[in-house]
Amino acid sequence: MINERMHDLGAEPNKIRELFAYGMARKAEIGAENVFDYSIGNPSVPAPDAVTEQFRIQLAKDPVIVHEYTPSPGDPTVRRAIADHIRDTFGIPATMDNVYVTSGASSCIAITLAAITNPGDEVITISPYFPEYKTWTENAGCTLIEVPAETPSFQPDIPAIEAAITPKTSAVIINTPNNPVGTVYTRASLEALASLLQEKEREYGTRIMLISDEPYREIVYGAEVPYVPSLYEDTIVCYSFSKSLSLPGERIGYIYVSDLIPDARELFTAISGAGRSLGYICAPVLLQRVIAQCLGIPSDVATYEENRRILCKGLDELGYEYVEPDGAFYLWVRALEDDAVAFSERAKDFELLLVPSDSFGATGWVRLSYCIAKDTIERSMPAFAKLKEAYA
Ligand code: PLP
């Protein structure tokens, strides 16, 4: 009666959520101020005032219309507003026919994978990676092929990706700015990846779609974040407002299928079919209309940048090794022993909640989400010092 695969997935521990739950319990036990919770990527800055104001404006409208169903790809006025924003921001053609509104990046990627793959295909991603890529890929009946990033840069390792591509490769998922490392892929890296995929498409006579997962596009500390569809025709953008507008629990994002894709219309139809098959009737209507009025509102990057500065300075002084992040709000720190799970457990002794890299398909590191109060970061430094001493 029960689907075993789904049961196993439901029972599978999610380290990030486990650590987050542990932190909640621990805070209740010893006081929130005594727990240094670097576990989860919940934005710590409030949604911009203009967003809150839009909720009020939208809710004051005709209550029937406020809560109505929209067409599956989204309210046409919302799709048009997003398309205009894409065109004006990235200088690339876009109309409402290129935009499918979703419940966040998660549904963007699940829908896209269902739309562009067939069971038995292979999907490549660069490790360390956002763990749900594996869930969504396997749900589409495909295999996720993990290709480690080049070190120490954590940029895509082009020769390694080349070696991993086979005639069964139907997609490559990239995420820049990156969770969990904080890297922003350079234009040169993306151009090299684009050339490689074109070359492999020619060699095998296949299509390789590039899925660009972009929830952190605006959270960047000065680095350029090239628009991937301008570099590689067969790109599908999966965008989310969860982080840029601090709306993670509201569930809103969009898929952009550019007309540069030769069969864009057919692909869009498949995306509509995939959304339908996965039970997404339409994205939350209130959120659709709120974000349509808030496109281009800047994220509060300064707060994250200050957190990054304090955290990096503190860890520098203590001699921790980490990857200098150019974007997102994560710091990738070298564990002080090979076993990152054991290191994360040891850190708990000092009330430090650090996610082991094993959760992201890599060994020997931990991820710190620094989208937390600045004061927590400052007060956590003695705990990091004690953790270091414990390994002296
Ligand atoms: N992709 C990456 C890399 C993420 O970090 C997240 C969330 O943390 C998601 C996708 C899912 O985002 P959403 O809340 O828009 O579903």
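In the predicted model, a polar side-chain atom of Arg-251 is placed 2.6 Å from an oxygen atom of the ligand. Taken alone, the ligand exposes 390 Å², and 92% of that area is buried by the protein. Two further side chains approach the ligand through polar atoms. In Asn-179, an N or O atom of the side chain lies 2.7 Å from a ligand oxygen atom. For Tyr-216, the distance between a side-chain N or O atom and an oxygen atom of the ligand is 2.7 Å.

The shell around the ligand comprises 14 residues, of which Ser-106, Asp-213, Tyr-216, Ser-240 and Arg-251 come nearest. By residue class, this shell consists of 6 polar, 5 nonpolar and 3 charged residues. Helix α6, which spans residues 104-116, supplies the largest share of the shell, namely 3 residues.

Two open sheets are described here. In general, the strands of a sheet pair through backbone hydrogen bonds, in either a parallel or an antiparallel manner. One sheet of the model is built from 7 strands, arranged in the order β2-β8-β7-β6-β5-β3-β4, and its pairing is mixed. Its edges are formed by β2 (99-102) and β4 (143-148), each of which pairs on one side only. On average, and with direction ignored, neighbouring strands of this sheet are turned by 20° against each other.

Within the mixed sheet, strand β3 (residues 122-127) runs parallel to strand β5 (residues 169-175), and 4 bridges join the two. The residue of β5 that stands opposite Glu-122 is Thr-169.

Helices are also placed against this sheet. Helix α5 (residues 76-90) lies across β2 and β8 (253-257), and the angle between this helix and β2 is about 115°. Helix α7 (residues 132-139) lies across β3, β4, β5 and β6 (209-214), running at about 145° to β4. Edge strand β2 is thus among the strands crossed by α5, while edge strand β4 is among those crossed by α7.

The other open sheet contains 4 strands in the order β9-β10-β13-β12, with antiparallel pairing. Strands β9 (322-323) and β12 (355-356) occupy its edges, and each pairs on one side only. The antiparallel pairing of β12 with strand β13 (residues 365-369) extends over 2 bridges. Here Pro-356 has Val-366, a residue of β13, as its bridge partner.

Several features of the backbone were found in loops. A cis peptide bond links Ser-127 to Pro-128, with omega at about 0°. Pro-128 belongs to the loop between β3 and α7; β3 is one of the strands across which α7 lies. A cis peptide bond also leads from Asn-179 to Pro-180, and in this case omega is near 20°. Pro-180 is located in the loop between β5 and α9 (187-204). Asn-179, which precedes Pro-180 at this cis bond, is also the residue whose side chain places an N or O atom 2.7 Å from an oxygen atom of the ligand.

A further backbone feature concerns Ser-246, a residue other than glycine that has a positive phi, near 55°. Ser-246 is situated in the loop between β7 (235-240) and β8. The two strands joined by this loop stand next to each other in the order of the mixed sheet.

Note on methods
Residues numbered from 1 in each chain as written. Predicted model: local features only at pLDDT ≥ 70, side-chain atom pairs only at ≥ 80, totals over all residues. Heavy atoms only, no water. Near = heavy atom within 4 Å. Polar contact = N/O pair within 3.5 Å; in protein donor to acceptor, adjacent residues only side chain to side chain. Areas by Shrake-Rupley, 256 points an atom, 1.4 Å probe, with all protein chains shown as cover. Nonpolar A, V, L, I, M, F, W, Y, C, P; charged D, E, K, R; others polar. Pairing = 2+ DSSP bridges. Axes fitted to C-alpha atoms, helices over the stretch in contact; angles between N-to-C directions. Contact = heavy atoms within 4.5 Å.
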